[in-house]
Amino acid sequence: MDETESRGSKNGRDNKARKPHTDARNDNKSTQRMKLKNNESTNRKNHTTSTSTHRNHSNPASLVKNRVDPETVKYFSEITNLLENNSIDLEERSSICSNALEETRGKELELSTDFIISRTLQNLLESCDLDQLCGFLRGGSDSFAFIAVDKCGSHVAETAVKALSKHLNDEGSYLCVLDTLTLICKIIAKDSTNVMQSRHGSHVLRSLLCLCKGVPIEKFNEFHSTKRSDVLAARLNPNPVPADENRFENGFEKVFRDLVRGLIDNAKCEIVGLRADQFSSLVLQTALRLSAGDEKELIYLISVLLCENFEEGKKINSDKKREIMSLLDESASSHLLEVIVEVAPEKLYDKFLNEIFIGSLFDISSNQWGNFVMQALISSVKTKDQMDKIWEELGQKTKELLKLGKSGIAASLLVSCLRLQTNRRECCEALAGAVTLDNQSDGNNNIIEHILYLDSFLMEASSWKWPSHEKMHVLGCLMLQTIFKYPKQYVRNYCESLLSMENERIYQTAKDSGGARVIESFLASDAASKLKLKLIAKLKGYFGDLAMSTSSSFAVEKCFTASNISLKEIICGELLEIRNDLSKTRHGFHLLKKFDIDLFARQPEQWKMSQKSKENAYGEFQALFGEPSDKKLKLNDPNNSNNINTNTNDVDDKLDNTDYQTSSPKTKKPKFNITPFKKDNNNNNNNNNNNNNNNNNKSKYDKVPFEKNSKQFLRNSFNTQVVRQNVKKESTVGELAQLAGKSELNAGDLKKLFDASMNNDKNQKKPFVSKRKRF
């Protein structure tokens, strides 16, 4: 569910409300224009009266607004026509903005809240320089609170705030912006209750908070509103959030703290109402998120919001506990409590968990709004002890939670157990047990299918059948992605279930946008290579169709990366058949380039050698600088191809331990082992042993002919690390061997280390699209 309230279409205004404005601008009849202004003036008068009555606050609403005179209306109408003329140059446009803003002096309130002129002011503020912008804000500072709560004025105020943000990187702008912000924040904090509870003022305040904190304008929406999908994505990310996430450059920390304190302190007497109000709750949530990491400020804010002094050693009494639990009964207050739990410092979080929530976790999880608070509580858990307490109360109730439709809590448990590395086996077993029928003997074989269609399975249970054309369950797919990030010893039954699926169902899974990510996560997991190859073989005949889809094309890319040579040939063969159609898609160029389909079509044997060389280079890199891992195809694993029948003729499935090949494929290259060179002070004592080893190696390699320009090299165990034939260009493995002999690596060495595999492609033309994104 989206918490974001809408104020209309472009610039937040209703299209229907904008239509008369457009017609009036195109019509030169002054009577029609005056009619519009009279209607708007009447509507705003009624709006002002109702607002004043509802809020019981008279500060901004009591301001008397003068009517805009006809000459001013005509002048700004001409300015609008000039701004819409694309023929004027930048210098002339700047001059127009400067003169027009000079005309607003002393009339900022009337012009900003005018239905027609407010749009012109927005355009002027977006185009003017910093001095003119600050001058406009200072001139209207006394009435800024009234402008902020007005339907039209709020857009002018927000445009001005965002325009200030654009100037933060300008040289010498800091002091000018600081003085302007300090003045505006003092004014608006005096009437914080009225502004926060206003539908329009809430938007302005959130933008102002972001500006004071130094949030870049492109990230305003991340703090301005809270989409459930974005929140869920952050919670299901097992990687810990950096502690300095909210430390932005160009911020005004003192102004920000003073503004937050001013908003809270001036509204203390009405804090209970502010917690339950939709718009003020959003402002408070933004202030809390932006304060994340500032322990002192957070404790103060949370103490005021919950009306409790959280002193160390002082326990929360039962009355206060009931009051805090009552916040779960309403949407706005529950979302506020959700954010409080997320940003609470560790000591305060522990206090909430042990003194408020423990003992009621399942009841809170079953609540319509409380389940979101529980997701935040689980996702924000700090220690293993805390996680163990939560698991003890909720772990064995996974099946009940899923039946209640609270799959988000089950997903949060999976992620937190993975992040803290606790209760991992129990968590995997609990989820598998929750989707297995009691009378099902081969329950493990259907785990994946049931989770992929979690909702429909839970509704039909024993009569459930695989649906052919339904979209897969989003949270079910997310849970499976998390499952395959667990160590392989905990998820064997999930791997068996996936591989037991029919080929057609594997294809349908890869075709679905969520299911494709499940396939990707399995191929990126630490499962055995032969299991990955078995899954890829099940998709034979479907790769072309999958490659045409944007979402499933990522799964095809993962399949190619995890495949052996024979399976890569199958994938490229299917893509070659649709090359013309695939090249017309947005993502097709990337796939054709990465798989090197052109070379595969022209010279299949050369393509095969190129693929083997890339895999060998990676294997040598792993041998030198990393522990062997099942995450990639192992070079010496005899099970890579022997156990998989790919039905391709004359293809060698085993990968050779040869070096990067540029010569004829018939030339046999020697095997070699490269070990890091270690300098030893007792080198002379070991000379005899080294000589003997060298003689043995020499007799082995002397019989091998070397071709000219070959990139092969020999290991010399005397004084040098690597002896190369070709001295003009250093090979990839040669560079890695030299780096391995160093006791320390500097920045240049690290760059060389990670760029080594790209040495042979330096002269190739780079593609226009260098990075592919999901659409």
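These exercises with worked solutions deal with the helices, burial and aromatic pairs of one predicted model.

Residues are numbered from 1 along each chain as its sequence is written, and side-chain values use heavy atoms, leaving out hydrogens and water. In this predicted model, local features need pLDDT of at least 70 and side-chain atom pairs count only at pLDDT 80 or more, while totals for chains, interfaces and linings use all residues.

**Exercise 1. Describe the chain as a whole.**

Step 1: list the secondary structure. The chain has 45 helices and 2 strands. Helices (H or I, at least four residues) and strands (E, at least two) are DSSP runs, numbered from the N terminus.

Step 2: check burial. Of the 775 residues, 51% count as buried. Buried means under 20% relative accessible area, exposed over 50%, partly exposed in between (1.4 Å probe, protein chains only).

Step 3: check contacts, meaning heavy atoms within 4.5 Å. Among contacts between residues at least 6 apart in sequence, 75% join residues at least 24 apart.

**Exercise 2. Work out how helix H10 packs on helix H12.**

Step 1: take the geometry. H10 spans residues 174–190 and H12 spans residues 199–213; they pack at about 140 degrees, with axes 12 Å apart. Axes are lines fitted to C-alpha atoms, for helices over the stretch in contact, and angles run from 0 to 180 degrees between N-to-C directions.

Step 2: name the arrangement. That angle makes H10 oblique to H12. The cut-offs: under 35 degrees is roughly parallel, over 145 roughly antiparallel, 65 to 115 roughly perpendicular, and the rest oblique.

Step 3: find the residues. From H10 come Leu-181, Ile-184, Cys-185 and Ile-188; they meet Leu-205, Leu-208, Leu-211 and Cys-212 of H12. By class, this contact has 8 nonpolar, no polar and no charged residues. Ala, Val, Leu, Ile, Met, Phe, Trp, Tyr, Cys and Pro count as nonpolar, Asp, Glu, Lys and Arg as charged, and the others, Gly among them, as polar.

**Exercise 3. Classify two aromatic pairs and name one cluster.**

Step 1: set the rule. Rings of Phe, Tyr and Trp (its six-membered ring) pair if their centres lie within 6.5 Å; planes under 30 degrees apart count as stacked, over 60 as edge-to-face and the rest as tilted. The whole structure holds 10 aromatic pairs.

Step 2: take Tyr-174 and Phe-252. Their ring centres are 4.9 Å apart and their planes lie at 20 degrees, so the pair is stacked. Tyr-174 sits in H10 and Phe-252 in the loop between helix H14 (228–235) and helix H15 (253–265), so the pair ties together parts 78 residues apart in sequence. Tyr-174 is partly exposed at 42%; Phe-252 is buried at 2%.

Step 3: take Phe-600 and Trp-607. This pair is edge-to-face, at 5.0 Å centre to centre with 75 degrees between the planes. Phe-600 is buried at 11% relative accessibility, and Trp-607 is buried at 0%.

Step 4: name the cluster. Tyr-453, Phe-457, Trp-464 and Trp-466 form one aromatic cluster.

**Exercise 4. Show how helix H31 is covered.**

Step 1: count. In H31 (residues 492–499), 6 of the 8 residues are buried. They are Asn-493, Tyr-494, Cys-495, Ser-497, Leu-498 and Leu-499.

Step 2: find the cover. It includes helices H27 (424–434), H28 (447–452), H30 (474–483), H32 (503–511), H33 (513–523) and H34 (529–538).

**Exercise 5. Place Thr-72 and Ser-154.**

Step 1: Thr-72 lies in helix H3 (residues 70–83). Thr-72 is buried at 8% relative accessible area. Not counting residues up to four places away in sequence, Thr-72 touches Lys-107 and Leu-111.

Step 2: Ser-154 lies in helix H9 (residues 153–166) and is buried at 0%. The C-alpha atoms of Ser-154 and His-200 are separated by 5.8 Å, though these residues are 46 apart along the chain.
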